[in-house]
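Open the model in your viewer and get ready to select residues by number. Each stop tells you what to pick next and what to look for there.

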Amino acid sequence: LSLVAERLNVVRPSETKAMTARAAELRDQGVDVITLSQGEPDFDTPSAVCEAGIRAISDGRTKYAAVAGIKPLREAIRDSFGREHGLDYSIDQITVGCGAKQVVFNALFATLDPGDEAVIPTPCWVSYPDMVALAGGRPTLVACDEFHGLKLRPEALEAAITPRTKWLMLNSPCNPTDSVYSRGELLALAAVLRRHAHVHVLSDDIYEKLTYTGDFATMAAVAPDLYRRTLTVNGMSKADAMTGWRVGYGAGPLALIKAMNLIQGQTSSHTSSISQYAAIEALSGGRDHIEEFASAFLQRRDIVVAKLNQAEGLSCLVPDGAFYVFPSCAGVIGKRTPAGKVIETDTDFAMYLLEDFAVAVVPGSGFMASPYIRISYASSLEDLTRACDRIIAACAALS
Ligand code: PLP
């Protein structure tokens, strides 16, 4: 009898974590590895936010709290949805979890019966297909092409929907492609969704504040008639540099939020009360740090894209948001390394970059799209420049 449950057979090992682990091993051996595989800002949490956390501890706010999240935080979230998107949620329609990750998982676990489907445009965030499968559902992966900015087309959505489709999972700006859906693109998808009343939208807006085109749009606001069918997810990790604090939130139909809270009540109960007080400060304070972070990311993006497009065999779209670039490495497939190994996949290429040039990136296969690599530019300009030079040299060394 196996100790580990069969249900875990559907979960793939995380490629991001595998790369990070190998990079750490090499570093322990004294190799100067530059890690561009991490999905977190290199900035510190703003000091006012940290102070709010410290204050929460000194004030004794260290006990169990409400499962859905403390009331003042849900009020701050409600206000921010209203202020920024004209979205009107009551605090009962808001749930706070241990990061956006738990919120997404709760939503899927609360809704997917065996055989139910979730449409996931690919490339997609590594966790979506596994979370859907773990919840008992079936991920319907829909490949998006570069010609359309790696974004889901309405006709592809129409073709992917079946009577068992419960969710369309949208992520804009997208990890890993950094593509941003415009208002018009969302409206075109909304037109399809109107014909299929049984499909709900999970809009993962975690990179909202890191949109460089200035026209971030979210489904519940763009298509008010779909508000009742949309769960809008966001969180503090990315734009507020609070990855370790573990605060994410979702807002949507009351019945769904109640079901999600039921799961949370029997699993984590709630995220740390201290983190929740810190999140209030992040959401309600000036949030000036976001502008600072976004302009630093924008500068790095331009340098990284320009450099990567000099690398033989790589081609890189200019991304519109987040802090990743997702160059195609189709031009290196089939080439030979100096050691004589043929690069057959993007995983081979990522391994070659790590083992021979000490740069850690994530292969596109982890994001259900090949042949690509994902590079995070949430690192210092100096490291990014050194890493890009190594990548250029690595490509030039192939024959
Ligand atoms: N959604 C996307 C698209 C992400 O890239 C991430 C983190 O990498 C998350 C959600 C989860 O963020 P967190 O759980 O830290 O809020």
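**Stop 1: the ligand**

Start at the ligand of this predicted model. Select the residues around it: there are 13 of them. Which come nearest? G99, A100, K101, N175 and S237 do. Label those five residues before you go on.

Now colour the shell around the ligand by class. It has 8 polar residues, 3 nonpolar ones and 2 charged ones. Which helix gives the largest share of this shell? Select residues 99-111, helix α4. Helix α4 supplies 3 residues of the shell.

**Stop 2: helix α4 and its partner**

Keep α4 on screen and add helix α9, residues 254-265. Two packed helices are described by the angle between their axes and the distance between the axes. Look at both here. The axes of α4 and α9 come within 9 Å. They cross at roughly 105°. Angles of 65 to 115 degrees count as roughly perpendicular, so α4 is roughly perpendicular to α9.

Next, show the residues that make the contact. On α4, pick N106, A107, F109 and A110. On α9, pick L256, A259, M260, I263 and Q264. What classes of residue meet here? The contact of α4 with α9 has 7 nonpolar residues, 2 polar ones and no charged ones.

**Stop 3: the two domains**

Zoom out and colour by domain. Domain 1 is given as residues 6-44 plus 289-396 in the domain assignment. Select both pieces together. Domain 2 is given as residues 63-284. How far apart are the C-alpha centres of the two domains? They lie 26 Å apart.

Now look at where the domains touch. On one side are 34 residues of domain 1, in contact with 28 residues of domain 2. Select α1 (15-28), α11 (288-308) and β9 (324-325): each supplies at least two residues of the domain 1 side. Which element gives the most to that side? It is α11, with 5 residues. Colour the domain 1 side by class too. You get 20 nonpolar, 7 polar and 7 charged residues.

**Stop 4: D348**

Finish with one residue. Select D348 and the helix that holds it, α12, residues 346-357. Why does D348 count as partly exposed? It has 18 C-beta neighbours inside 10 Å. A buried residue needs 20 or more, and an exposed one has 12 or fewer, so D348 falls in between.

Add P363 and draw a distance between the two C-alpha atoms. D348 and P363 are 8.4 Å apart in space. Along the sequence, D348 and P363 are 15 residues apart.

Key:
Residues are numbered from 1 along each chain as its sequence is written. This is a predicted model: local features need pLDDT of at least 70, side-chain atom pairs count only at pLDDT 80 or more; totals for chains, interfaces and linings use all residues. A residue is near a molecule or strand if its C-beta atom, placed from the backbone, lies within 6 Å of it. Helices (H or I, at least four residues) and strands (E, at least two) are DSSP runs, numbered from the N terminus. Ala, Val, Leu, Ile, Met, Phe, Trp, Tyr, Cys and Pro count as nonpolar, Asp, Glu, Lys and Arg as charged, and the others, Gly among them, as polar. Domain bounds come from an automatic or database domain assignment. Two residues are in contact if their C-beta atoms, placed from the backbone, lie within 7 Å. Axes are lines fitted to C-alpha atoms, for helices over the stretch in contact, and angles run from 0 to 180 degrees between N-to-C directions. Angles under 35 degrees count as roughly parallel, over 145 as roughly antiparallel, 65 to 115 as roughly perpendicular and the rest as oblique.
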